[in-house]
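User: Hi! I've got a new chain open and would love to talk it through with you. Could you put it up on screen?

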Amino acid sequence: MSVRILIPAVLILSACSNLPIQADKPETTEVIEPTRPQARPEALAPAPPADARTVEQFDTTTASERAEAAAAPAKSGEIKLGETVASLGDPTKPGFWLETPLVSEATTGRVRFPGSGRSAQVDLIPIEGEATAGSRISLAAMRIIEAPLTDLPTLQVFTGG
């Protein structure tokens, strides 16, 4: 008797899977992703080669770009946004940047690593999270400030000036 009930139930459920769930809404094939502020494209170095394996291969910034980023003295009127624990960001994403919840919109700024006393000019890119959440820093910027690539250094973050 349970087989007589089970077979019609399975047939009814399988027929329902072919019905449109919301027939009154038009079907869209376009995927809309939210846009987030990004670093200035003109400031980006070329992407590393697909077969990159070493730090030098991933860091495609030029010597002059590194010198300019390293020449990041404190500016008058600069505002300290706070400190953040940073991890190494996507090494295939070129340039000098810090993805951080300390900013709500893309801007330029400076990061300083107290361990070396070195600082670098970077693009500050907002990410979601509490201000106390961690940040991600580019490989090129991490090398400029001489922070250990495998550590989670605490960085000072500044904007303005």
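Analyst: Sure, here is a walk through the fold, the core, the cavity and a few single residues. Keep in mind that this is a predicted model.

User: Good to know. What does the secondary structure come to?

Analyst: The chain has four helices and six strands. Going along the sequence, their order is α-α-α-β-β-β-β-β-α-β.

User: And what share of the residues counts as buried?

Analyst: Of the 161 residues, 33% are buried. The chain's accessible surface is about 10,400 Å², and carbon and sulfur atoms hold 57% of that.

User: How much of the contact set comes from residues 24 or more positions apart?

Analyst: Counting contacts with a separation of 6 or more, 75% are between residues 24 or more positions apart.

User: Nice. Now the core: which residues touch the most other members?

Analyst: The largest nonpolar core has 19 residues, and the ones touching the most other members are L98, V111, V122, I137, I145 and L155. Two or more residues each come from β3 (107–113), β4 (118–126), α4 (139–144) and β6 (154–159). The largest share is that of α4, with four residues. As general background, nonpolar side chains in soluble globular proteins tend to be buried together.

User: Let's zoom in on L155. What does it touch?

Analyst: Setting aside residues up to four places away in sequence, L155 touches G82, E83, T84, A86, L98, R112, F113, I137 and I145. Among these, L98, I137 and I145 are also on the list of core residues that touch the most other members.

User: Changing topic: how many cavities of 30 Å³ or more are there?

Analyst: There is one cavity of that size, and the largest cavity has a volume of about 50 Å³.

User: What lines the largest cavity?

Analyst: The lining is made up of F58, D59, T60, T61, P91, K93, P94, G95, L139 and A140. Sorted by class, that gives five nonpolar, three polar and two charged residues.

User: I was also looking at S138. Is S138 buried or exposed?

Analyst: S138 has a relative accessible area of 0%, so it counts as buried. S138 sits in the loop between β5 (135–137) and α4. Beyond its neighbours within four places in sequence, S138 is in contact with L88, G95, F96 and W97. G95 also appears in the lining of the largest cavity.

User: Cool link. Which loop holds E146, and what is its phi like?

Analyst: E146 is in the loop between α4 and β6. Its phi is positive, about 60°, although E146 is not a glycine.

User: And why does E146 count as partly exposed?

Analyst: Its relative accessibility is 48%, and partly exposed runs from 20% to 50%, so E146 falls into that class.

User: On to the loop between β4 and β5. How do T132 and G134 fare there?

Analyst: Both T132 and G134 lie in that loop. T132 has 78% relative accessibility and so counts as exposed, while G134, at 38%, counts as partly exposed.

User: What does G134 touch?

Analyst: Leaving out residues up to four places away in sequence, G134 touches T84, V85, P101 and I127. T84 is a contact of L155 too. From C-alpha to C-alpha, G134 is 7.5 Å from S87, with their positions 47 residues apart in sequence. For T132, the C-alpha of T100 is 9.7 Å away, at 32 residues along the chain.

User: Last one: what is going on around T107?

Analyst: T107 belongs to strand β3 and is partly exposed, with a relative accessible area of 31%. Not counting neighbours within four places in sequence, T107 is in contact with V122, D123, L124 and T159. T159 is 52 residues from T107 in sequence, and their C-alpha atoms are 7.7 Å apart.

User: And A106, where is that?

Analyst: A106 is in the loop between β2 (97–100) and β3. The C-alpha atoms of A106 and L124 are 5.6 Å apart, with the two residues 18 apart along the chain. At 34% relative accessibility, A106 is partly exposed.

User: Great, thanks for the tour!

Technical notes
Residues numbered from 1 in each chain as written. Predicted model: local features only at pLDDT ≥ 70, side-chain atom pairs only at ≥ 80, totals over all residues. Heavy atoms only, no water. Buried < 20%, exposed > 50% of the residue type's maximum accessible area, 1.4 Å probe, protein only. Contact = heavy atoms within 4.5 Å. Areas by Shrake-Rupley, 256 points an atom, 1.4 Å probe, with all protein chains shown as cover. Core = buried A, V, L, I, M, F, W, Y, C linked by side-chain atoms within 4.5 Å. 1 Å grid on protein atoms, 1.4 Å probe; cavity = no way out; pocket = protein on both sides within 12 Å on 5 of 7 lines; lining within 4 Å. Points joined across faces, edges and corners; volume = space filled by probe spheres on them. Nonpolar A, V, L, I, M, F, W, Y, C, P; charged D, E, K, R; others polar.
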